[in-house]
Amino acid sequence: MSVTPMMQQYHEAKEAAGDALLLFRMGDFYELFFEDAKTAARVLGLSLTSRDKGENPVAMAGFPHHQLDSYLTKIISAGLRAAVCEQMEDPRQAKGIVKRAITRVVSRGTVTDDALLNPAESNFLLAISRNLPKSEGKSGLAWIDISTGRFEAAVVSTAKLDDELARIAPVELLVSDDSAPLPPSWSEGRLVTRRPAWAFGSEAAQSALTKHFGTQSLSGFGFEEDDSPALSAAGAVLDYLTETQKSSLDHIASLFPYRVGNALEIDQATRRSLEISQSLREGRREGSLLGVVDSTVTAMGARLLGDWFGSPLTDVERINARLDAVGELVVHPAVTAEVRTELKAIYDMQRLLARVTTGRATPRDLCFVARTLSSLPKVKAKLTGRSAERLALLESRIDLCADIRGRLEAALEDDCPLTTRDGGFIRSGFHAELDEQRELMRGGKRWMAEYQARAVEESGIPSIKVGFNKVFGYYLEVTHTHREKVPANFIRKQTLKNAERFITPELKEHEEKVLAAEERSQDLEYELFVELRELVASATRRLQGTAEALAEIDVLASMAELARTRNYVRPEMSANPVLDIEEGRHPVLDITEPEGTFVPNDVSCKAQVASCEEREIAHNSKIVPRNSLLLITGPNMAGKSTYIRQVALITLLAQVGSFVPAKRATIGVADRIFARVGASDDLARGRSTFMVEMTETARILNTATERSLVILDEIGRGTSTYDGLSLAWAVVEYLHDRIGCRTLFATHYHELTDLEATHSGVQNLNVAVQEWQGEVVFLHQIVPGAADKSYGIHVAKLAGVPREVNQRAEKILAQLETQHEQKGSGSLSDPPSRNGHPMQMTLFETMDHPLLETIRGVQLDSTTPLEAFQMVKEWQEQLAEKKVVSRPK
Ligand code: ADP
């Protein structure tokens, strides 16, 4: 079968594009062929047509070129990638077939266009390098946000890959094509790109990295020798970008080593259940901790705040440096407000710069760079003379880049277009030749107007008009009414329904001048644009540093704003594992619940640290918490989960460097926070609730240290009562005796409260409840002591269970309680015994089954074996037919 040269060109490009959908530019359209066209029809809703309709029709689909962004968004959201194949020359000037080339391959992890990105979130592409010889049990990770140029790498223990992926939340993963299939928890919702194994090799990495950064070796990046897996991953990232971007990657200025141990460790389950950056239900930022505390006014600030929440600090000094800065902004609300007003006017410089260096910036982008630069002096001035070290440092990092700003402002119009195509964005007076050409153009157009007037006069046709189109250029249009009067020197070019179009040699002569001037001035504008773009690109480092400083100022000012408006307090940070919060509030409910309804609560606990020195410090400090493990009992819906979560969230906020919702707080820096809250089925991943619960519990018990903060909610709920109670009991003992870390344990097993008597570091707390005229009021107040009732029926009432059922349940409960008291304590003597408190109602006690009565009544002495057999058979039948209804007497 013969193939046309164009299809030949298509096949070559398609081969280079691999599994990416090839968007093949043909005139004003992007076309897709063969399987790509079918996929596009399905995923993008394009209509499928065919080319070469004869014997071998070729499936084809396409869309107009100006809709590229919106189709790229659809392609990327569908988890696909696209290779954009452009015409590399003007078809009018092409000799033979137009040259085409793939100018970029776009996937979720490599987009730079604003239209395809969420401004408030980083967009990470992450490479995983695993199973390297010499680094047993370790993996290398490297992640980049190509839309800003931020590039980091780390070595992590392979067992913690899950947690790191949850922290970084990449949108695309790069793995070696010889690696085993990825666990679903890694790949879920992400594009997985397989790359050749050699791209992850250390030699390839060495060469890719030294070439990109122009260094002799990699020693200057601050990676240790055993960090080679991190560098291998970084090499794979660069190799992939070089292949897909096909443009300068100069905005990737550095590769930063990320040290896992330097940040507060938060595992994936904790991150999810504390809803730090995503809500559990909808997986969105709204409703999460980050969502409610984020008052930043710039996209750069919002992204940085997200990073800070991903990796809170563990170093008291660094935390205090941030708190000092926030504190100073809190006491100077006018300064903070002014800084925020200025920041609102700036643009996303990090993403603008990325587009500038990759050659994708538009005139409008440069205009936005100029506007951002023009806001800098005011921001800088507001920060001059501040005493907090961090603020002073940030102020010094703002480089006004006056040279760049001056040039951009002189060159660019106030409002610039989105494309360079039609020009019109360079100010007049900026470039002499451009002005000259524009004058010629204007002169030419003036001549046209005069010529029209002259033609009207000479021919006596009042309606003669000079017009322009792409095919004939300038022409004279005469309506048919005046056909007779058309002068002889008019040359007919086109006949329309109502008029005819003519040209004259004189008109053509001037047309050439006008068009030549127009073309020249557009070329000139383009040249000037490229010059300006390169000027900005040459200042990338300075501008990036400035952008980072602006982002941090925004974050600190946002924290100050939150602290001031929500009445937060500066936490006193301690290196000792203490926790002492007075009138703490849940940061999310405090904002989302109606004003003034949230009930604040205190917490006081301290890890059981072994060192004498620390005991001494704790003893000498104002607070001497004696407990490490707080056991919270109380009815459902009373506020147990809220209380324990709020303690974890306040600790996290403090370690981010934020003020906290409390009247007073002393926070001992935690090395890890663990939260096992509520039961969530993970059936999609093939694990039952209970298995998930135990896996997470195992992890806490195996990895928590005395400096960790552990919050556990309803551990053991997913199995039978005794089973669950025993496990919960043993878990409490282990946490108390072996780890000694600060623990908040909320449970519905009232039996556990006995532990207070035998374990010096356990303290019972419960949520106060008031009974009034038969109604129960949850006070949401945490008070010392154990809870004595479950109030499940009350909760059922609140939930709308029919009154009849509730009334019946109340009666049953009363009967059961009487029975229980008559029978004495429950059958569990060891471990849990109940010092006079009514027991949690367990499965077997509530089941006073009628069959049991029958069994109890059997006189064995007078029963033959055959009769016994018969009886058992009947019972079995009764049970099978569910004839017997379980009911208390
Ligand atoms: P539990 O864990 O005891 O079942 P939750 O902590 O889930 O209860 O709280 C149930 C509801 O009670 C919350 O959704 C919230 O509306 C309310 N609540 C909890 N704590 C407080 C509080 N301190 N102040 C006001 N309302 C609260």
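These legends walk through several close-up views of a predicted model.

**View 1. How far to trust the prediction.**
Before zooming in, take a look at the confidence scores. The protein chain has a mean pLDDT of 86, and 90% of its residues reach 70 or more. Over residues 680–685, though, the pLDDT is below 50, and this stretch has 12 contacts in the model beyond near neighbours in sequence. Residues 883–889 are another spot to treat with care: pLDDT stays under 50 there. For that second stretch, the model has 18 contacts beyond four places in sequence.

**View 2. The ligand and the residues around it.**
Here we zoom in on the ligand, which has 13 residues surrounding it. The closest are V599, M637, K640, S641 and T642. Sort the shell by type and you get 5 nonpolar, 6 polar and 2 charged residues. Which helix gives the most to this shell? That's α22 (residues 640–656), with 3 residues.

**View 3. Backbone atoms facing the ligand.**
Staying with the ligand, now look at the protein backbone. A polar backbone atom of M637 sits 2.6 Å from an oxygen atom of the ligand. For K640, a backbone N or O atom is 2.9 Å from a ligand oxygen. P635 joins in too, with a polar backbone atom 3.5 Å from an oxygen of the ligand. How much of the ligand does the protein bury? On its own the ligand exposes 560 Å², and the protein buries 80% of that.

**View 4. Helix α13, tucked inside.**
This view shows helix α13 (residues 349–357), and 9 of its 9 residues are buried, so the helix is largely enclosed by the rest of the structure. Reading along α13, the buried residues are M349, Q350, R351, L352, L353, A354, R355, V356 and T357. What does the covering? The cover includes the strand β8 (138–145) and the helices α10 (299–310), α14 (363–383), α18 (505–538) and α19. Just after α13 comes G359, which takes a positive phi of about 75°.

**View 5. Q544 and its contacts.**
Q544 belongs to helix α19 (residues 540–565). Is Q544 buried or exposed? Its relative accessible area is 11%, under the 20% cut-off, so Q544 counts as buried. Leaving out residues up to four places away in sequence, Q544 touches T148, H251, A253 and L353. You've already met one of these: L353 is among the buried residues of α13.

**View 6. L218 in a loop.**
Now we move to a loop, the one between α6 (202–213) and α7 (228–245), where L218 lies. L218 counts as buried because its relative accessibility is 9%. If you skip residues up to four places away in sequence, L218 touches Q206, L209, T210 and L231. For a sense of scale, the C-alpha atoms of L218 and S176 are 22 Å apart, with their positions 42 residues apart along the chain.

**View 7. Y451 and its partner T504.**
Our last stop is Y451, in helix α17 (residues 432–459). With a relative accessibility of 5%, Y451 counts as buried. Which residue's side chain makes a polar contact with the side chain of Y451? It's T504, at 2.7 Å. Leaving aside residues up to four places away in sequence, Y451 touches L476, T504, E506 and L507. To place Y451 in the whole model, compare it with G189: their C-alpha atoms are separated by 65 Å, and the two residues are 262 apart along the chain.

Methods
Residues are numbered from 1 along each chain as its sequence is written. Side-chain values use heavy atoms; hydrogens and water are left out. A residue is near a molecule or strand if one of its heavy atoms lies within 4 Å of it. A polar contact is a pair of N or O atoms within 3.5 Å; within protein, one must be able to donate a hydrogen and the other to accept it, and residues adjacent in sequence count only if both atoms are side-chain atoms. Accessible areas come from the Shrake-Rupley method with a 1.4 Å probe; for residues, only the protein chains shown count as cover. Helices (H or I, at least four residues) and strands (E, at least two) are DSSP runs, numbered from the N terminus. Ala, Val, Leu, Ile, Met, Phe, Trp, Tyr, Cys and Pro count as nonpolar, Asp, Glu, Lys and Arg as charged, and the others, Gly among them, as polar. pLDDT is the predictor's confidence in each residue, from 0 to 100. Contact means heavy atoms within 4.5 Å. Buried means under 20% relative accessible area, exposed over 50%, partly exposed in between (1.4 Å probe, protein chains only).
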